Amino acid sequence: MHPDLELTAYLTDALAPAERARVAAHLEACADCRRTLDESRAVLAGLAGGAPAPPPPDWGRYRAELRARVQAPAPRAWWARPMPAVLAAGLATAAVLLVVHGHERRPVELAAVEETMLGARLPLLEQYRVVERLELLEDLEAIRHLDRLGDGGR
Amino acid sequence: MGSWTPGATLTQESSDEALCRRVAARDESAFDVLVGRYQGRAYRLAWSLLRNAEDARDVSQEAFLRVYRTAGGFRGDARFSTWFYRIVVNLCLDHRRRGRWWQQILVRDDGGGDAERALLERQPAPGADPGEALGGKQMTARLWAAVERLSPQQRAAIVLHAQEELPTSQIAEVLKCSEATVRVHLHRAVGALRKIVARE
């Protein structure tokens with residue numbers, strides 16, 4: 001098995017002695033790995049030839065800007081920042097509306113849940129002769145627990 | 001902030017770690033010395049990762065600002081340089097992540113392309129001088145231009161290794177990952193550079 005991953009580490013001298021010896025032994029026997037090693041060495045040597053120099057900044061201006069940034073008060077965390085009055089008023093109004101309308105919607109949501117539960121029981125209810133004509137029953141509450149009745153209930 | 005004049009001799013001779021402790025105690029002359037020692041490295045590293053002079057200036061200044069404000073959190077068991085490099089690299093990676101979404105919307109030349117082109121244009125045309133040294137310079141320019149196409153983590157690893165000459169163990173501390181992960185980053189970066197250069 002070729003020590004692909006270790007070849008770069010071999011060149012950057014990042015291997016433990018035992019690992020290094022193992023890679024060296026493999027290199028002696030493997031021409032492919034020697035070729036890869038040579039190409040990788042050329043890449044690293046090329047990079048070592050010198051990184052491009054950035055455009056030199058005006059260090060006086062750089063230090064002046066840094067001085068100004070250091071002297072400026074540290075920005076507060078977003079949750080500690082003062083909120084604009086309009087935004088605060090809007091959020092308060094939204095909260096009030098949510099509370100009021102949330103209560104109003106609740107019975108509607110509960111009714112929907114009850115309908116769903118009853119709908120799920122319909123196939124079971126239809127097994128009972130007494131309720132074959134569901135549409136004739138006005139009070140569904142009366143049959144809510146029919147599924148718990150024994151044979152005597154039929 | 002004080003006068004921002006070079007610190008006293010005692011301060012100049014102090015270790016980075018000692019200076020950082022003094023910065024934590026709001027010693028502005030110590031901060032001044034630290035800035036003097038690291039401004040070139042911080043700016044160069046940021047530029048290598050961002051390839052934009054304005055961004056590099058902004059990010060490197062931000063790194064010093066972080067040092068000034070959070071020096072109290074610096075653990076004395078680590079080297080200051082490692083801690084500082086980590087701040088710079090993290091800020092650069094954050095900067096690139098933040099910029100990505102709008103760069104996809106606005107087709108903007110952020111100077112990176114210019115930097116690459118300028119770098120290549122400064123090199124003599126192929127064949128102008130068949131000398132060995134010239135070929136080496138061209139190869140170096142091409143390789144560093146290709147570094148810009150690596151993934152952010154690979155680029156950070158290769159810049160810290162080849163430019164800042166940090167050992168794998170220190171790169172791992174800067175990138176906050178294992179040495180094995182750094183080895184993978186470097187291996188993949190070198191592999192990608194081999195292919196890019198071979199194609200050109």
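At roughly what angle do the axes of α3(B) and α4(B) cross? Keep that question in mind while we look around this predicted model, and we will come back to it once the two chains have been introduced.

Let us start with chain A. Its secondary structure comes to five helices and zero strands, so if you read from the N terminus on, the elements run α-α-α-α-α. Chain A has 154 residues, and 11% of them count as buried. Take the contacts in chain A between residues at least 6 apart in sequence: 39% of these join residues at least 24 apart.

Now turn to chain B. Here you will find ten helices and, once again, zero strands. From the N terminus on, the order of elements is α-α-α-α-α-α-α-α-α-α. Of the 200 residues in chain B, 39% count as buried. Among contacts between residues of chain B at least 6 apart in sequence, 61% join residues at least 24 apart.

With both chains in view, we can answer the opening question. The axes of α3(B) and α4(B) come within 8 Å and cross at roughly 140 degrees. Angles over 145 degrees would count as roughly antiparallel and those from 65 to 115 as roughly perpendicular, and that is why α3(B) is called oblique to α4(B). The crossing of α3(B) past α4(B) is right-handed. On the α3(B) side, the contact is made by residues including F31(B), L34(B), A46(B) and W47(B). On the α4(B) side, A56(B), V59(B), S60(B) and F64(B) are among the residues that take part. Sorted by class, the residues of this contact divide into 15 nonpolar, one polar and two charged.

Some of these names come up again when we look for the nonpolar cores. The largest nonpolar core has 60 residues, and the members that touch the most others in it are L34(B), A46(B) and V88(B). The helix giving the most to this core is α3(B), with 13 residues. What does A46(B) touch, leaving aside its neighbours within four places in sequence? A46(B) is in contact with A56(B), V59(B), S60(B), V88(B) and C92(B). Apart from the largest core lies another, of five residues, among them L7(A), A9(A), Y10(A) and L15(A).

That second core brings us back to chain A and its helix α1. In α1(A), the residues L7(A), T8(A), A9(A) and Y10(A) are buried. Which elements cover them? The cover includes α2 (17–29) and α3 of chain A, together with α10 of chain B. Just after α1(A) comes D13(A), whose phi is positive, near 60 degrees.

Look more closely at how α1(A) meets one of those covering helices. The axes of α1 (residues 4–11) and α3 (residues 31–48) of chain A come within 10 Å and cross at roughly 45 degrees, which makes α1(A) oblique to α3(A). This crossing is right-handed. From α1(A), the residues involved are L7(A), T8(A) and L11(A), and they meet C33(A), T36(A), L37(A), S40(A), R41(A) and L44(A) in α3(A). By class, the residues of this contact are five nonpolar, three polar and one charged.

Helix α1 of chain A also holds L5(A). Is L5(A) buried or partly exposed? A residue needs 20 or more neighbours to be buried; L5(A) has 15 C-beta neighbours inside 10 Å, so L5(A) counts as partly exposed. Leaving out residues up to four places away in sequence, L5(A) touches R183(B), V184(B) and H187(B), so here you can follow a link from one chain to the other.

To finish, step back to the whole meeting of the two chains. In total, 35 residues of chain B are in contact with 29 residues of chain A. Five helices of chain B, namely α3 (28–50), α4 (53–70), α7 (132–147), α8 (152–162) and α10 (179–199), each supply at least two residues to the side that touches chain A. The helix that gives the most is α4(B), with eight residues. By class, this side of chain B has 20 nonpolar, nine polar and six charged residues.

Note on methods:
Residues are numbered from 1 along each chain as its sequence is written. Chains are lettered from A and ligands numbered from 1 in the order in which they are written. This is a predicted model: local features need pLDDT of at least 70, side-chain atom pairs count only at pLDDT 80 or more; totals for chains, interfaces and linings use all residues. Two residues are in contact if their C-beta atoms, placed from the backbone, lie within 7 Å. Helices (H or I, at least four residues) and strands (E, at least two) are DSSP runs, numbered from the N terminus. Ala, Val, Leu, Ile, Met, Phe, Trp, Tyr, Cys and Pro count as nonpolar, Asp, Glu, Lys and Arg as charged, and the others, Gly among them, as polar. Axes are lines fitted to C-alpha atoms, for helices over the stretch in contact, and angles run from 0 to 180 degrees between N-to-C directions. Angles under 35 degrees count as roughly parallel, over 145 as roughly antiparallel, 65 to 115 as roughly perpendicular and the rest as oblique. A crossing is left-handed if the near helix is turned anticlockwise from the far one by less than a right angle, and right-handed if clockwise. A nonpolar core is a set of buried Ala, Val, Leu, Ile, Met, Phe, Trp, Tyr and Cys residues joined through C-beta atoms within 7 Å. A residue is buried if 20 or more other C-beta atoms lie within 10 Å of its own, exposed if 12 or fewer, and partly exposed in between; C-beta atoms are placed from the backbone.
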